[in-house]
Amino acid sequence: MNGESRKLRLGLSMRYFGYHLAAWRHPDVPVSGTLDFKYFLKSAQTAEEAKFDMIFFADGIGVRSNDTPKGSLARDSKNAELEPLTLLAAIGACTSHIGLVATASTTYNEPFHIARKYASIDHISGGRAGWNVVTSWSEQEAWNFNRNEHLGYEERYERADEFVEVVKKLWDSWEEDAFIRDKQSGIFYDEEKLHVANHKGKHFRVRGPLNSARTPQGRPIIVQAGAAEAGRELAARSADIVYSNAQDFESAKTYYDDIKGRLAKYGRSADQLLIMPGVTIYTGKDRQEALDKFNELEALIDPLTGLALLYNVLGDLSGHDIDGPVPDVGNQKVRSIAENLLKVARKENLTIRQMFNRVAAGSNKNFIGSPEEVVDEMEAWFKGGAADGFNICPATLPQGIDDFAKYILPELRKRGLFRQEYEASTLRGNLGLDPLVFGK
């Protein structure tokens, strides 16, 4: 695709009440929204009307917050939500074009379960399903699955690599035209077009075949969000989309070039993998209105929940002066995110309070300003080789997607950066990815 006709890709990340720590306290956010199907459906339908490529649900399989400092857990809203695959199936029945992507862990699932569930959503939706591959990292999740502690870093990614390969084999159990369903002859499927995985590896023994036909997309889209070395290799080998995290253009471009540069050794070209950084946008009719929205949420942050938020990323900072510099206490659980935040803290001389205010506003890059200012930033990243598109992570829902549709979308289209209509019936087609060839 030439540079003139190239369009950026957009995903809407939907979880909890939005990506700001204090979102649930905003006066216009419904406090029971995370357990209300219609709450999520409304935002999904707004995104579809705006012609977004996909909606995206992050997920964890446990309440991952700690009561550190004491009293912070009771102030945390991230403890009750709908299971995302169930939610996606319901949303899929009420939408017609938008992609449906959800997270599922390779640490506490089995490949057959994942292959079957996502294949079913792909069939139900007519080819719009996507799987965000993650490795679980928290003790809280381990405690829910017969373990006292989570798997080590290397083992998690080793298991994830094999897990993805098994799922792909299962999705290739049947060729596209395997099912004849000929009542007269009595032949239901062509035996030559059935492929049994017979996988025997270090972590999994899976015979197959998958009891599902080949899906409308060939297989669901694979999304990967890891930024560490093992995650980058997994993305380059198997992913269609990378959900990346970068706090500035230079970091985003470095990451973009690194991932794209790994594709050739797996026989892939640069256009076979889309990199979509997460961004949180604060906008309005002008810059002042955008700042007012940002400041309104910042004023709702409880210092205890701010410190607890940093605990999960940077470790326990409660013994340090919150108006002093951000220390590196080491042994962080998610190394890549911790390194990114510490780099920002050093570069900008942030205090702990400033850092938790920053992270509370969304751990992704914040674009704050008028529609023109925000789109200037998006265009610079897109045309500058730092992004193929963006995962929009609204500070609050549904206000964030409503503001995007009202203010940002018209400016994107005015500049010819985003579609007017969907081009295809499947997520793969709308993303501009080549159709899959069986067995590859």
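This report describes a helix pair, a strand pair and one buried glutamine in a predicted model.

**Helices α1 and α2**

Two packed helices are described by the angle between their axes and the distance between the axes. For helix α1 (residues 37-49) and helix α2 (residues 84-93), the axes come within 10 Å and cross at roughly 55°. The two helices are therefore oblique to each other, and the crossing of α1 and α2 is right-handed. On the α1 side the contact is made by Phe37, Phe40 and Ala44, and on the α2 side by Leu87, Ala90 and Ile91. By class, the residues of this contact are six nonpolar, no polar and no charged.

**Strands β1 and β2**

Strand β1 (residues 9-13) pairs with β2 in the parallel sense, over three bridges. Leucine 12 has isoleucine 55 of β2 as its bridge partner. Within strand β2 (residues 54-57), Ile55 and Phe57 point one way, while Met54 and Phe56 point the other way. All four of these β2 residues are buried.

**Glutamine 140**

Helix α4 (residues 139-143) contains glutamine 140. The relative accessible area of glutamine 140 is 6%, under the 20% cut-off, so this residue is buried. Leaving aside residues up to four places away in sequence, glutamine 140 touches Val63, Arg64, Ser65 and Asn66.

The elements with their residue ranges are listed below.

| Element | Residues |
|---|---|
| Helix α1 | residues 37-49 |
| Helix α2 | residues 84-93 |
| Helix α4 | residues 139-143 |
| Strand β1 | residues 9-13 |
| Strand β2 | residues 54-57 |

Terms used: Residues are numbered from 1 along each chain as its sequence is written. This is a predicted model: local features need pLDDT of at least 70, side-chain atom pairs count only at pLDDT 80 or more; totals for chains, interfaces and linings use all residues. Side-chain values use heavy atoms; hydrogens and water are left out. Axes are lines fitted to C-alpha atoms, for helices over the stretch in contact, and angles run from 0 to 180 degrees between N-to-C directions. Helices (H or I, at least four residues) and strands (E, at least two) are DSSP runs, numbered from the N terminus. Angles under 35 degrees count as roughly parallel, over 145 as roughly antiparallel, 65 to 115 as roughly perpendicular and the rest as oblique. A crossing is left-handed if the near helix is turned anticlockwise from the far one by less than a right angle, and right-handed if clockwise. Contact means heavy atoms within 4.5 Å. Ala, Val, Leu, Ile, Met, Phe, Trp, Tyr, Cys and Pro count as nonpolar, Asp, Glu, Lys and Arg as charged, and the others, Gly among them, as polar. Buried means under 20% relative accessible area, exposed over 50%, partly exposed in between (1.4 Å probe, protein chains only). Two strands pair if DSSP finds at least two bridges between them.
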